[in-house]
Structure formats: structure tokens, C-alpha cells
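Got the viewer open? Let's take a short walk through this one, a stop at a time.

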Amino acid sequence: MRASKQNRQPIAYNIELVDKLVRVLEALRDAPGGLTLQELTARTGFIKSSIHRTLGSLKWHGYVEQPEPGGRYRLGMKCLLLARGLKDGVELLPHARPYLREIVDAFDESAYLAILRGGRGIFVEVVETRRRDLRLVGPLGAGVYYHATAAGKVLAAYLPREARDALLAKIELEPITTRTRTRRAEVQKAWNDVARRGVATNLEETIVGAMFLAAPVFDAEGGVCGAVSVGVPKARYSPALGRQVAARLKDVCARLSASLAEAGYVHEDRQLHELR
């Protein structure tokens, strides 16, 4: 019996294929607004024709979507379902969901939960706004940027001093938009401001036209374990609304932290091993 063509492929080919799939999915994960074929080619380093074939296969299986022909690619529903399988096992979520819903009910804007998991800050829950006209896409499974996302700034600002200094020394301060801080002194000052004010902002630092605010969540031992954030399209944002959201976020996160303390919840993963 003749071996199939697939079985004759060397092991190295299979490893390269998996690497390509992972890099494409991770690039899309870090770009909630989607990426063009050209942008994906630049970010992954693979040739355009190869990326195009990979995207075609991922689209067929539902892991990638392309709302308009020739338009941007983004993660599909299958990826969201995988992320849901991950987040349903996180003990913090049952405590956090009612508080996220409270935020959405108060402002009718999407609310997110990021936690420290596997040595990284990751978005594990989103409660979306009911608005149909303009909404921000939920970044389930995406990692935070400690120098740019509001949630990332919160997680960094409340780390122990030694861990925070180590993070600042190693973090890659890549520019995401023209408003992204890329100087270490500026990032350090932003973290200090967050620790003093109790709330972080992301004013178009990761997505043009999008504003985010976040506040910290602490476990029973007083260690930062997560961040609740709210996303507001720039068209609906105002300084007055920002102050209202900040005040409600701080109150919600204080009550969520108290609930975790009462339950004796201690987050087991408060170390940042993979810095970005």
C-alpha cells in the first residue's frame, strides 16, 4: 500500500505549518480591529501567498473572519468559543461577572476583565454593550500591553516594586498608534499616576478612536490579580463621562475585591514571566 502524500511529509514541515498558524492567530489576537493581508505578511514574516493560503484554511474552519472581500481579517467565532472554554475554568470569573454587568447597565458601554494568567495579563471576559450603532470588539484571549492598554497599566502599577522595575526594564515599548508612550520614563510616570489615582486611561494609545479606563482588582492577600476596564468610542467620550466611569470603576473594583477577600480567594498566578 502506498503512503499518502501527507504521511510522506517530513516532521519539520508539520512544525513549520503549526508555527505559521500560531503566528497568524496571535497577530490577529493582538489586533482587535483586524489586519489586512499586507499587514499580516509584515507582522509574521511569511510570504504573502503562503499567508493567504493559511487564512483561507482558517476561514473555512471558522477561526478567521473577513467581513468584506479584500478587507481586514479578524479572529472568528471558533476562537471565541475556545477562549470561552478557557475562561469558564477561571475561579475569579463568577465573582466578577455581576460587577461587569453593573458597569454595562450604568453606561451601556462594553466592560472587560483582564487577569494575570500563565505569567501574562490576558483578557478573559467581556460583557458587550447593547448598542448597535457603534461598539468596540471584545478582545477575548488577547494579551495586555503594559505600556498602553488601561488594563495593562493597572496590572503593572500595582505589582511589587521589584517586579515592576524588572518589567519596566524588559518590556518592549512598541508604538501601536501615534499616541503610544514609547519612553521608559513616560511609562514609569504613567504607572505612578495610576497607583496614585487608582484608575488608568488609554486614550487612543492602542486603537485610534477608542478610549478605555480601568481599575485594579485585588485578592484576599491584597495582591493585584486583575483589572476591570470600560471601552468608549471617541465619538461618545467626554471628560465628564470619563470622570463618571472612573468613579464607578473604582467603586465596583473595591466591592469586587472585598467579595474576593470575603471568599478567601487567593490568585495563584501573580508573576509576570512573559514580558511584552
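How many of the residues of strand E4 (residues 120-127) are buried? Select the strand and check: 8 of its 8 residues are buried, so-called mostly covered. Keep in mind as you click around that this is a predicted model.

Leave E4 on screen and add strand E3, residues 111-117. The two strands run antiparallel, with 7 bridges joining them. To pick out one pairing, label alanine 111 and look across to E4, where valine 127 is its bridge partner. While you have the strands up, here's a general thing to look at: in a regular strand, side chains alternate between the two faces of the sheet.

Next, hide the strands and show helix H5 (residues 92-107) together with helix H9 (residues 239-263). Their axes come within 10 Å and cross at roughly 160 degrees. An angle over 145 degrees counts as roughly antiparallel, and that is therefore how H5 and H9 lie to each other. The crossing of H5 past H9 is right-handed. For the contact itself, turn on side chains: on H5, go for Leu92, His95, Ala96, Tyr99, Glu102, Ile103, Ala106 and Phe107. Over on H9, the residues making the contact include Leu241, Val245, Arg248, Leu249, Val252, Arg255, Leu256 and Leu260.

Now zoom out and show everything. You should have 9 helices and 7 strands in view. Of the 276 residues in the protein, 47% are buried. Switch to a surface: about 14400 Å² is exposed, with carbon and sulfur atoms supplying 52% of it. Finally, try a contact map: among contacts between residues at least 6 apart in sequence, 59% join residues at least 24 apart.

Notes. Residues are numbered from 1 along each chain as its sequence is written. This is a predicted model: local features need pLDDT of at least 70, side-chain atom pairs count only at pLDDT 80 or more; totals for chains, interfaces and linings use all residues. Side-chain values use heavy atoms; hydrogens and water are left out. Helices (H or I, at least four residues) and strands (E, at least two) are DSSP runs, numbered from the N terminus. Buried means under 20% relative accessible area, exposed over 50%, partly exposed in between (1.4 Å probe, protein chains only). Contact means heavy atoms within 4.5 Å. Accessible areas come from the Shrake-Rupley method with a 1.4 Å probe; for residues, only the protein chains shown count as cover. Two strands pair if DSSP finds at least two bridges between them. Axes are lines fitted to C-alpha atoms, for helices over the stretch in contact, and angles run from 0 to 180 degrees between N-to-C directions. Angles under 35 degrees count as roughly parallel, over 145 as roughly antiparallel, 65 to 115 as roughly perpendicular and the rest as oblique. A crossing is left-handed if the near helix is turned anticlockwise from the far one by less than a right angle, and right-handed if clockwise.
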